[in-house]
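Got the structure open in your viewer? Let's take a short walk through it, one selection at a time.

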Amino acid sequence: MSGSTADLADIRSEYKRASLDTAGVDADPLRQFAAWFDDAIRSATLEPSAMTLATAGADGRPAARTVLLKALDSRGFVFYTSFDSAKGRDLAANPRAALLFFWAELERQVRIEGDVEQVADTEADAYFLISCAIYDQSPSTG
Ligand SMILES: Cc1cc2nc3c(=O)[nH]c(=O)nc-3n(C[C@H](O)[C@H](O)[C@H](O)COP(=O)(O)O)c2cc1C
């Protein structure tokens with residue numbers, strides 16, 4: 001790790017592009033997210049649908065990993081995973097989670113927190129739904 005601390009201190013970006021004007025934000029957080037997601041697609045960001053999913057199981061220890069957004073509708077944000085994975089076990093024990101999108105090209109992050117539900121068996125075998133409110137967007141606020 002020698003020298004790395006100094007190098008890290010030199011890495012800094014100034015985020016000047018976007019600011020969050022709450023007056024211009026859609027009252028429906030999912031509709032607002034859809035507009036931002038369209039921005040992300042247009043920005044040619046590498047993986048616009050990649051999001052960090054944070055969970056904590058029965059022991060309360062948090063864990064985070066990347067998953068892909070597979071659907072967005074009135075119920076919330078849908079991703080697929082295995083019930084037998086660590087995240088699947090976490091969510092079975094504690095069905096609350098946070099999602100984070102970071103679109104560097106847009107200098108924008110979207111933070112989402114909410115309850116997680118499994119969608120109907122008819123839709124998928126290993127398919128979770130997180131329905132939540134978008135309450136924050138950086139860089140201006142967080
Ligand atoms: C770009 C990217 C997308 C991923 N998408 C998914 C996904 O949609 N679902 C999933 O279960 N794992 C996905 N993974 C793998 C997870 O990040 C993770 O490594 C794996 O699911 C095991 O996580 P867990 O042990 O915490 O349950 C993705 C990884 C990357 C790098």
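We'll begin at the ligand and then move out to the elements around it. Keep in mind as you go that this is a predicted model.

**Stop one: the ligand.** Select the ligand and bring up what surrounds it: you should find 13 residues, and the closest are Arg 65, Thr 81, Ser 85, Ala 86 and Lys 87. Which elements give two or more residues to this shell? They are strand 2 (62-68), strand 4 (76-80) and helix 3 (86-93). Color strand 2 before the others, as it gives the most, with 5 residues. Now try coloring the shell by class: 7 residues are nonpolar, 3 are polar and 3 are charged.

**Stop two: helix 3.** Next, select helix 3 and show Lys 87, Asp 90 and Leu 91, which are buried. Turn the view until you look straight down the helix axis: the buried residues fall within an arc of 95 degrees, so they line one face of the helix. Lys 87 is worth a second look here, since you already met that residue among the closest to the ligand.

**Stop three: strand 4 and its partner.** Move on to strand 4, where 4 of the 5 residues are buried, so this strand is largely enclosed by the rest of the structure. Add strand 3 (residues 71-73) to your selection: the two strands pair in the antiparallel sense over 3 bridges. To see one pairing up close, pick Leu 72 and look across to its bridge partner in strand 4, Phe 77. Finally, trace the chain from strand 3 to strand 4, and you'll follow a hairpin with 2 residues between the strands.

Note on methods. Residues are numbered from 1 along each chain as its sequence is written. This is a predicted model: local features need pLDDT of at least 70, side-chain atom pairs count only at pLDDT 80 or more; totals for chains, interfaces and linings use all residues. A residue is near a molecule or strand if its C-beta atom, placed from the backbone, lies within 6 Å of it. Ala, Val, Leu, Ile, Met, Phe, Trp, Tyr, Cys and Pro count as nonpolar, Asp, Glu, Lys and Arg as charged, and the others, Gly among them, as polar. A residue is buried if 20 or more other C-beta atoms lie within 10 Å of its own, exposed if 12 or fewer, and partly exposed in between; C-beta atoms are placed from the backbone. The arc is that of the directions from the helix axis to the C-beta atoms. Two strands pair if DSSP finds at least two bridges between them.
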